[in-house]
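Thanks for coming. I will take a few minutes to walk through one structure, beginning with a single pair of residues and working outwards.

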2 protein chains.
Amino acid sequence: MNSYSLNSTDERELYPGYFGKVINTDNMTLVYWRAEAGARLPLHGHPHEQVVSVLEGQFELSTGEGETRVLGPGEVAVIAGNTEHSGRAVTACRFLDVCYPVREGYASGN
Amino acid sequence: MNSYSLNSTDERELYPGYFGKVINTDNMTLVYWRAEAGARLPLHGHPHEQVVSVLEGQFELSTGEGETRVLGPGEVAVIAGNTEHSGRAVTACRFLDVCYPVREGYASGN
């Protein structure tokens, strides 16, 4: 069993206004995000399935297919692999991304 | 993009004292748990990798190999597949389990 304390892990600004703490496991990548109000993630895609769970604040997700959802605490979105999507922090917010398989582009931050 | 509101999803008592809301995706199972103080999960194992993220309260995890961790908010444990483990809610607590692959035994609760 490996354990991690996010409280003692430095966050990293992986995109402008998006500060993440990353845990890579054998199969998955988890990123615990804090985003600044108004910060935008441009439209992008990847083969990984991604599950977004909002913990605090309001986060807007849109797909390249024209769907948009504003997610608040207790709301969860599942983005299939290879679905282009973009994001916007409607307010300062915190959310968890879980991706399968491992996102090789994110180094574990522990 | 599929989205879910945990706020309008009924929790189910999947084990005594453990109330879960389940989301199954193509590859993963996420269970958002609320546990009553003192509730115990007996030693069990499964081939799935499991990541436990504590959101509120204190949750104790032990492995059949004799490791024990008490996890609080912001603490995360990664349990490799086929590692027997047990749990105890030290206090009333909330935590998120993420499993790969899908836990066929948990029906999606939406």
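Start with V78(A): its bridge partner is N2(B), in strand 1 of chain B. In that strand, S3(B) is the bridge partner of A77(A). Before going on, some bookkeeping. This is a predicted model, in which local features need pLDDT of at least 70 and side-chain atom pairs count only at pLDDT 80 or more, while totals for chains, interfaces and linings use all residues. Residues are numbered from 1 along each chain as its sequence is written, and chains are lettered from A and ligands numbered from 1 in the order in which they are written.

Strands here are DSSP runs of E, at least two residues long, numbered from the N terminus. Two strands pair if DSSP finds at least two bridges between them. Strand 9 of chain A, residues 75–79, runs antiparallel to strand 1 of chain B, and 4 bridges join them.

Now the sheet around that pair. It is an open sheet of 7 strands with antiparallel pairing, in the order 2(A)-3(A)-4(A)-11(A)-6(A)-9(A)-1(B). The edges are strand 2 (12–15) of chain A and strand 1 of chain B; each has a single partner strand, so one side of each is left without a neighbour in the sheet. From one strand to the next the twist averages 30 degrees, with axes taken as lines fitted to C-alpha atoms and angles running from 0 to 180 degrees between N-to-C directions.

Further into this sheet, strand 4 (residues 29–35) and strand 11 (residues 93–100) of chain A are antiparallel and share 7 bridges. There, Y32(A) has L96(A) as its bridge partner. Strand 6 (residues 49–56) of chain A pairs with strand 9 of chain A over 4 bridges, again antiparallel, and S53(A) stands opposite V76(A).

Is strand 9 of chain A mostly covered or mostly open? Mostly covered: 5 of its 5 residues are buried, where buried means that 20 or more other C-beta atoms, placed from the backbone, lie within 10 Å of the residue's own. In a regular strand the side chains alternate between the two faces of the sheet. In strand 9 of chain A, E75(A), A77(A) and I79(A) point one way, V76(A) and V78(A) the other.

Next, the interface. How many residues of chain B are in contact with chain A? The count is 30, against 30 residues of chain A, with contact meaning C-beta atoms, placed from the backbone, within 7 Å. Strand 9 of chain B gives the largest share of the chain B side, 5 residues. All the interface residues of chain B, 100%, are also interface residues in chain A, so the copies meet through the same surface.

Chain B can be laid on chain A with an RMSD of 0.0 Å, by a turn of 180 degrees and a shift of 0.0 Å along the axis. The two copies are thus related as by a two-fold rotation axis. That superposition is by least squares on the C-alpha atoms of residues with pLDDT of at least 70 in both.

Last, a sheet within chain B: 4 strands in the order 5-10-7-8, open and antiparallel. The twist there averages 15 degrees from one strand to the next. Strands 7 and 8 of chain B form a hairpin with 4 residues between them, and G66(B) in the turn has a positive phi of about 95 degrees. Across that pair, L61(B) has R69(B) as its bridge partner.

Definitions and conventions:
Two residues are in contact if their C-beta atoms, placed from the backbone, lie within 7 Å. A residue is buried if 20 or more other C-beta atoms lie within 10 Å of its own, exposed if 12 or fewer, and partly exposed in between; C-beta atoms are placed from the backbone.
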